[in-house]
Amino acid sequence: MLTAVLVLAVSLPALAQDTLSYQGTITDAARQPVTASYPFVFSLYATREDGDVIWTESYESIDIVDGTFNVDLGSLTPF
């Protein structure tokens, strides 16, 4: 099972766009790049700790190639 927590510092003007392009990397326990597909859920919170969720977007599958993935946040669920 793959579990990841991503912390994104996003300013309000950045969310005025239709989408926000995000690129990430994933490695296995041996720090080797992963090539696979996994479901992802991205969420934005009102504050860093114990904040309310203000936006969320789920993907059934995102392809990871040589440890790298790209996603346009806001493409499924508008900000």
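**Questions of burial and contact**

Trainee: Why is Phe-79 called partly exposed?

Mentor: Phe-79 has a relative accessible area of 33%, and partly exposed is the class between buried (under 20%) and exposed (over 50%), taken with a 1.4 Å probe and protein chains only, so Phe-79 falls in that class. This is a predicted model, in which local features need pLDDT of at least 70 and side-chain atom pairs count only at pLDDT 80 or more, while totals for chains, interfaces and linings use all residues. Residues are numbered from 1 along each chain as its sequence is written, and side-chain values use heavy atoms, with hydrogens and water left out.

Trainee: What makes the protein one of 0 helices and 4 strands?

Mentor: Both kinds of element are DSSP runs numbered from the N terminus, helices being H or I over at least four residues and strands E over at least two. The runs in this protein come to 0 helices and 4 strands, in the order β-β-β-β from the N terminus.

Trainee: How do you know that there is a nonpolar core, and which residues touch the most other members?

Mentor: A nonpolar core is a set of buried Ala, Val, Leu, Ile, Met, Phe, Trp, Tyr and Cys residues joined through side-chain atoms within 4.5 Å. The largest such core here has 14 residues, of which Phe-40, Phe-42, Ile-62, Phe-69, Val-71 and Leu-73 touch the most other members. At least two core residues come from each of β1 (20–25), β2 (36–45), β3 and β4 (68–73), with β3 giving the most, 4 residues. In soluble globular proteins, nonpolar side chains tend to be buried together.

Trainee: Why does Phe-69 count as buried, and what does Phe-69 touch?

Mentor: Its relative accessible area is 2%, which lies below the limit for buried residues, so Phe-69 counts as buried. Contact means heavy atoms within 4.5 Å, and, leaving aside residues up to four places away in sequence, Phe-69 of strand β4 touches ten residues' worth of neighbours listed by name, including Tyr-22, Gln-23, Phe-40, Phe-42 and Ile-62. The C-alpha atoms of Phe-69 and Gln-23 are separated by 5.7 Å, although these residues are 46 apart along the chain.

Trainee: What makes the pair of Phe-40 and Phe-42 stacked?

Mentor: The structure holds 6 aromatic pairs. In the one formed by Phe-40 and Phe-42, the centres are 5.6 Å apart and the planes 10 degrees apart; rings of Phe, Tyr and Trp (its six-membered ring) pair if their centres lie within 6.5 Å, and planes under 30 degrees apart count as stacked, over 60 as edge-to-face and the rest as tilted, so this pair is stacked. Both residues are buried.

Trainee: Why is the pair of Trp-55 and Phe-79 called tilted?

Mentor: Their ring centres are 4.8 Å apart and their planes stand at 35 degrees, so the pair is tilted. Trp-55 lies in strand β3 and Phe-79 in the segment after β4, so the pair ties together parts that are 24 residues apart in sequence. Trp-55, at 6% relative accessible area, is buried.

Trainee: Is Glu-57 buried or exposed, and which polar contact joins its side chain to that of another residue?

Mentor: Glu-57, in strand β3 (residues 53–64), has 1% relative accessibility and counts as buried. A polar contact, meaning N or O atoms within 3.5 Å where within protein one must be able to donate a hydrogen and the other to accept it, and where residues adjacent in sequence count only through two side-chain atoms, joins the side chains of Glu-57 and Tyr-59 at 2.6 Å.
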